[in-house]
Amino acid sequence: MKNFLIVAIVLGAATVVKAQQEISYEVSFPNVVHHEAEVSMMIPNVPANAPLKVRFSRSSPGRYATHEFGKNIYNFKAFDASGKPIAVKQPAGDVYEIPQGKSKIKITYTVFGNWIDGTYAGFDEAHAHLNIPAVFAFPVGLDARPRTVKLSFNNQKDWKVATQLKPLGNGIYYAKNLQYFMDSPIEIAASKSASWEVKNSTGKTQTIHLIAHSDDDEMTVFNYANMLKKVVAEQQAIWGELPTFDYGHYYFLHCVHPSYAGDGMEHRNSTVIVQRTPKIAGNESNLLGTFSHEFFHSWNVERLRPKTLEPFNFAQANISDELWLAEGFTQYYGNLVLKRAGFRTLENSCRTFNGLVNAVTNSPGAKNFSPIQASRYAVFADAGVAVDETNQQNIFTSYYTYGAAVALALDLRLRSDYSLTLDDYMRALWKTHGKTEIPYTIPNLQKTLAALTKNPGFAADFFKKYVYATQKEDYAALLLKAGLVLRKEAAGKAYSGIRLRDRDGKAVSSATLMGTPAYNAGIDSEDVILKADGMAIASAKDFDTVMAKHQPGETIELVISRKGVEKTTKLTFIENPQLELISIENTGATLTADMKAFRDKWLESAIK
């Protein structure tokens, strides 16, 4: 009895200490019709050795560029323990400084939110959509302290809260530290829901929830959840097990309305999916791609995580070398899973794979920059905002697309040369770095591939050529093993590289791609094509008529207008480089038994 009493006293004391350190927030929506939320933050036991800095985030988990959330914050005030106002300095747009010597500080402010996607916040009479970094300030240097947030919405009686945060009751939710809190979006709405249980390989059962804020009935949401079950099951088969979700739950937070921005944003035990359609009903298949991609992130990037993203920096964007795998391999599997689950046809898959191959073989970004370099450019490209023009079309190929093409190449190489699959590789990475949550580096990725294939030379060569450098695999030969034919889409046809749009009776050029005839002829964005080969040009169709008369290698004269000044140049056509991917059966040739077996093992269900 005495020992029990001692333990109880110790545990009680620990609870009190924890509560004394806890940073607590309260959010209410008295002016929701004008997209405002009121936030208060209570900070106990403020360190007395220096002024306290309180800041707003400039980045958000799942995003790789900066976003200035502080711009939508106003009425920022501070108070001491007695409620007396404290003078506040603002040394930066998103940083506030409070003089030292206050043991307990209360902060209040107003947030404006009217952008519904996975990055920002939005409040209106229909719902409160909270991405945490867009809403909540935090004291600098106190990241390890637990957080609670109380959500008050008395005027919206039918609203319900959906979040991965731990519910404590009475509208209060808990996070163990700042990193977890900032990674935990909240959706408050009159939502509809459907849930199902999934048993893991360990025998433990976890619950997955679809929370739908949409103009759909309960049966539509229920039926859509049944579709998602198939996606979840196929992904579980790839990895061999589900992640261990904190508190045993995972949430798809789904917002659907034509006025929304559209987005998908992964989090540790949930994902925000915002889609610009009137409703789920009638659009089910088209909406699945984002679900498949984001759920795959539950393994790849949320737990199987690059060291460059640890810890996540809320004051600026983390620059990462590995997004080609974190996002690109996820992109590859997001589409592949839909084929395996029966939601895509072979023709759908061919179009997807063809897009990947075209992107990495015909884009100057992939010709001249490696997947690593593409990953690093994310700090500028990932929904980053700029008013000036960039040369992005010539220096950047999306790490989503680039990485998916690398995944396609590696999957086909493993299947062709080692009787292994990319699924095997992902499971090996999961075992060494995902389930253990030991962040990886690129050398770690290469080491795992070497161990899997028992061929360090192959792993070194693959990474040297296709990850660190810009070489490309022989996709045509690899795809043919699955009975898929990669060939020129318009063999023998002339190609100019000029991309024209019609404007006020004129044919106006878009920016041109490096290496194309248009680029070599000096054609630039906003140039107006006046004449081609002696023919007056008033539309894109007129130029197509001229091009149809010529062969690759032939040269024509162009007359252009650039800012009102006429210029003459010469353009030499090349053969159209665009590729198409079709099944060998559709070429009139025979799908062999070996090809069919290869294709089926790759594209059909992995559930055993």
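This passage describes a pocket, a buried strand residue and some backbone features of a predicted model.

A good place to start is the largest pocket, which holds about 440 Å³ of space. Its lining is made up of 22 residues, and those nearest the centre are Gln179, Arg268, Glu302, Arg305 and Glu310. By residue class, the lining comprises ten charged, nine nonpolar and three polar residues.

Glu310, one of the residues nearest the pocket centre, also takes part in a backbone feature that is worth a look in the viewer. The peptide bond leading from glutamate 310 into proline 311 is cis, with an omega near -15°. Proline 311 itself sits in the loop that runs between α4 (284-296) and α5 (323-326).

Attention turns next to threonine 271, a member of strand β21, which spans residues 270-275. Threonine 271 has a relative accessibility of 0% and therefore counts as buried, the cut-off being under 20%. Leaving aside residues up to four places away in sequence, threonine 271 touches Tyr250, Tyr251, Phe252 and Leu253, together with Met265, Glu266 and Glu294.

Two lysines in loops complete the picture. Lysine 454, in the loop between α14 (442-453) and α15 (456-466), has a positive phi of about 55° although it is not a glycine. Its relative accessible area is 73%, so lysine 454 is classed as exposed. Lysine 563 is found between two strands, in the loop from β28 (555-562) to β29 (565-572). Here too phi is positive, at about 55°, in a residue that is not a glycine. With a relative accessible area of 85%, lysine 563 is likewise exposed.

Terms used. Residues numbered from 1 in each chain as written. Predicted model: local features only at pLDDT ≥ 70, side-chain atom pairs only at ≥ 80, totals over all residues. Heavy atoms only, no water. 1 Å grid on protein atoms, 1.4 Å probe; cavity = no way out; pocket = protein on both sides within 12 Å on 5 of 7 lines; lining within 4 Å. Points joined across faces, edges and corners; volume = space filled by probe spheres on them. Nonpolar A, V, L, I, M, F, W, Y, C, P; charged D, E, K, R; others polar. Helix = DSSP H or I, 4+ residues; strand = E, 2+ residues; numbered from the N terminus. Buried < 20%, exposed > 50% of the residue type's maximum accessible area, 1.4 Å probe, protein only. Contact = heavy atoms within 4.5 Å.
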